[in-house]
Structures are given as structure tokens and as C-alpha cells.
Amino acid sequence: MLGSFSGSSPNDYDDGYSLDGMYDYLRSRLSIPLISGLDFGHEPRTVTLRWGARAQLSHNPGRSALTLSGHPVLAE
């Protein structure tokens, strides 16, 4: 699983490589799905991934879903 990356447009230092090209390369080398574009990390729109939560990752061609459960939440 990889997050979303802002400011990842190729520049002079990338020697022609792009983030999408890196994803394609990794997918060609891995025997497991590579999920990218998740909203977590150091981004303006962020989902909190809780330590200790149960997670289920579902992956079908064209759609992936990450479901978290079993973690404490704040009462409203």
C-alpha cells in the first residue's frame, strides 16, 4: 500500500522516471497487488490508520478497498 504523493511531477533530477512508471515497474516485479493513491501520510486530505486495528484489503481489477475495524473511536 502506498499513499498519495503531492508534488510528484517529474523534474530535471528524475532522469525521465515518473511516479506512474515506478508503480508499473513495482507491479511487474511483485506477486501481490500494489495499491497506490491512499489518502494517508503527510497530505492535506488524510485518513488516520490506527495501530492495533483489524484491516481487510480487498482488491479487484479497477477497485480496491481498505476496511478498518476493532479500534477505539471517540463518542460524539
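The following exchange examines how the terms applied to this predicted model are justified.

Colleague: On what basis are values taken from the model?

Modeller: The model is predicted, and local features need pLDDT of at least 70, side-chain atom pairs count only at pLDDT 80 or more, and totals for chains, interfaces and linings use all residues. Residues are numbered from 1 along each chain as its sequence is written, and side-chain values use heavy atoms, with hydrogens and water left out.

Colleague: What makes the count one helix and two strands?

Modeller: Helices are DSSP runs of H or I with at least four residues, and strands are runs of E with at least two, numbered from the N terminus. From that terminus the order is α-β-β.

Colleague: How do you know which element has the highest mean pLDDT and which the lowest?

Modeller: pLDDT is the predictor's confidence in each residue, from 0 to 100. Helix α1 (residues 19–29) has the highest mean, 91, and strand β2 (residues 63–69) the lowest, 82. The protein averages 81, and 95% of the residues score at least 70.

Colleague: How does the radius of gyration compare with that of a compact globule?

Modeller: The radius is taken over C-alpha atoms, and the globule rule is 2.2 Å times the number of residues to the power 0.38. For 76 residues a compact globule would be near 11 Å, but the protein has 15 Å. Its C-alpha atoms fill a box of roughly 50 × 30 × 20 Å along the principal axes.

Colleague: What share of the residues is called buried?

Modeller: Buried means under 20% relative accessible area, with a 1.4 Å probe and protein chains only. Of the 76 residues, 7% count as buried.

Conventions:
Buried means under 20% relative accessible area, exposed over 50%, partly exposed in between (1.4 Å probe, protein chains only).
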